[in-house]
Amino acid sequence: MRTLQRLGQDLAGFITGHEHGLCVLQAERDFLPWVHSTLQELAAASSDVFLPFPHPFASADAYAATVAEGCLMVARDRAGDALQLPLACVDPARPPVARVRSTLEFARDIILPKRTCPPRLVAILVPLTVEAEAEALGFTRALVAAEPGWPPWFHRMRIFVHAPPGAALGELPRFSRALAVDLSLTALAAGVVEEANDPTAPPERRAQALLQSAAIDAASGRHDQAIAGFRDLYSWAEAAANPVLSALALSGIGDVASARKDRREAVSWYERALVPASRTGAALLMLAITQNLARLYFELGRRADAETFYDGAQRLAMAVPDANSHAQALQWRGRLEELRGAHEAAARSYLAAAEVARDHAHAALLAELRPRLTTSQRRVPAGLGREIAAFLEGST
């Protein structure tokens with residue numbers, strides 16, 4: 001997705017550049033997991049040492065202690081377990097930002113090789129959750145305003161901090177910069193449309209962007225635009241003999257029909273999507289389409305078809321594997337077996353679903369299945385009843 005690619009380029013440009021050592025990420029907090037994820041990808045391909053601190057910000061003192069603990073752990077990996085932090089890093093009489101600055105300088109001098117060229121120490125002081133917003137912003141302001149010195153105290157370091165959009169930080173010092181991060185649905189959609197319409201982009205990337213654009217239109221209620229996008233994608237996929245994208249395009253039109261409450265139309269498109277999907281060997285894709293058909297068949301009163309497709313869904317879920325989908329499909333298969341009077345088969349389906357839920361710690365689903373097992377216990381042969389009773393007793 002082009003918007004995320006640009007984010008990666010901006011972050012990488014700051015890290016490898018020479019003009020700035022501290023970057024203020026101006027972003028909504030909901031966007032920060034994407035920032036951390038992008039930085040993780042950069043770290044995997046870099047010789048720099050990344051120190052991420054997404055830990056909760058309860059207070060500036062607590063966060064400074066978290067940074068000190070994390071830096072000491074990494075430094076000990078280089079210098080041995082006997083290593084201790086200098087007093088300047090942990091002295092409670094010093095302000096939290098002063099302690100963090102000393103800690104990062106100490107970590108840099110221990111961790112990095114003694115030469116002037118990269119690698120660098122990349123500190124990501126960006127908590128994902130904050131209990132005290134005003135104190136967190138004050139922490140960022142103080143770190144940005146810390147006396148840079150000459151050369152800057154963050155020589156051979158790159159530091160990321162966070163501030164909400166519009167937060168008053170004043171004029172940034174010479175070696176600090178701001179980076180606005182917009183990962184809103186509008187921004188993502190604009191990036192996708194741009195890539196889909198870029199004649200210089202590789203055809204498969206343009207097709208992926210077309211899929212993403214249609215999906216965003218569908219999620220935003222722009223159904224006519226979504227259908228047009230999915231149809232364009234289907235035409236491209238058929239010409240390119242790409243059954244995965246063909247199936248996704250047809251399934252996408254089915255999703256739009258389902259959102260419009262046109263169940264029969266949705267079924268028609270999902271059934272068409274099964275044809276290319278079956279050629280892909282992609283169990284996850286087949287599972288998604290099969291689940292949709294099973295649900296719609298049930299809603300349309302086509303119980304035999306629904307039972308068949310829920311059985312297929314539970315088999316596909318095992319292949320993925322997807323424990324939650326596996327248990328849900330077994331439960332629904334059991335409900336349909338129960339509706340046609342096959343109580344023993346239904347009990348076995350419920351029991352199998354409950355075992356999957358128990359083994360994968362799906363407590364809510366297990367709680368939902370317990371009353372069905374209790375009822376089934378009275379309708380089945382004694383041997384199966386005892387098996388159910390043993391399960392119920394052992395899973396309390």
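Where in α11 does a kink of about 30° lie? Keep that question in mind as you open the structure, which is a predicted model, and begin by selecting residues 263–280, the 18 residues that make up helix α11.

Look along α11 from end to end: the distance from its first C-alpha to its last is 26 Å, which is close to the 26 Å expected at 1.5 Å a residue. Now select L274, for this is where the kink of about 30° lies, and then add P276, a proline that the kink shortly precedes.

Next, colour the buried residues of the helix, which are A266, V267, W269, Y270, A273, L274, P276 and A277; L274 and P276, the two residues you have just selected, are thus among them. To see what these buried residues pack against, show α9 (223–239) and α10 (243–259), and then α12 (283–299) and α13 (303–319). Before leaving this part of the chain, step just past the end of α11 to G281, where the backbone takes a positive phi of about 70°.

For the last stop, turn to the cysteines, and select C71 together with C89. A disulfide is a covalent bond between the sulfur atoms of two cysteines. A search of the whole structure finds zero disulfides, and C71 is accordingly in none, with the nearest cysteine sulfur, that of C89, lying 8.4 Å away. Because a disulfide requires two cysteine sulfur atoms within 2.5 Å, a separation of 8.4 Å does not count as one. Are these two cysteines buried or exposed? C71 counts as buried because its relative accessibility is 0%, and C89 is buried as well, with a relative accessible area of 3%.

Notes:
Residues are numbered from 1 along each chain as its sequence is written. This is a predicted model: local features need pLDDT of at least 70, side-chain atom pairs count only at pLDDT 80 or more; totals for chains, interfaces and linings use all residues. Side-chain values use heavy atoms; hydrogens and water are left out. Helices (H or I, at least four residues) and strands (E, at least two) are DSSP runs, numbered from the N terminus. The expected span of a helix is 1.5 Å times one less than its number of residues. The bend at a residue is the angle between axes fitted to the seven residues ending there and the seven starting there. Buried means under 20% relative accessible area, exposed over 50%, partly exposed in between (1.4 Å probe, protein chains only). Contact means heavy atoms within 4.5 Å.
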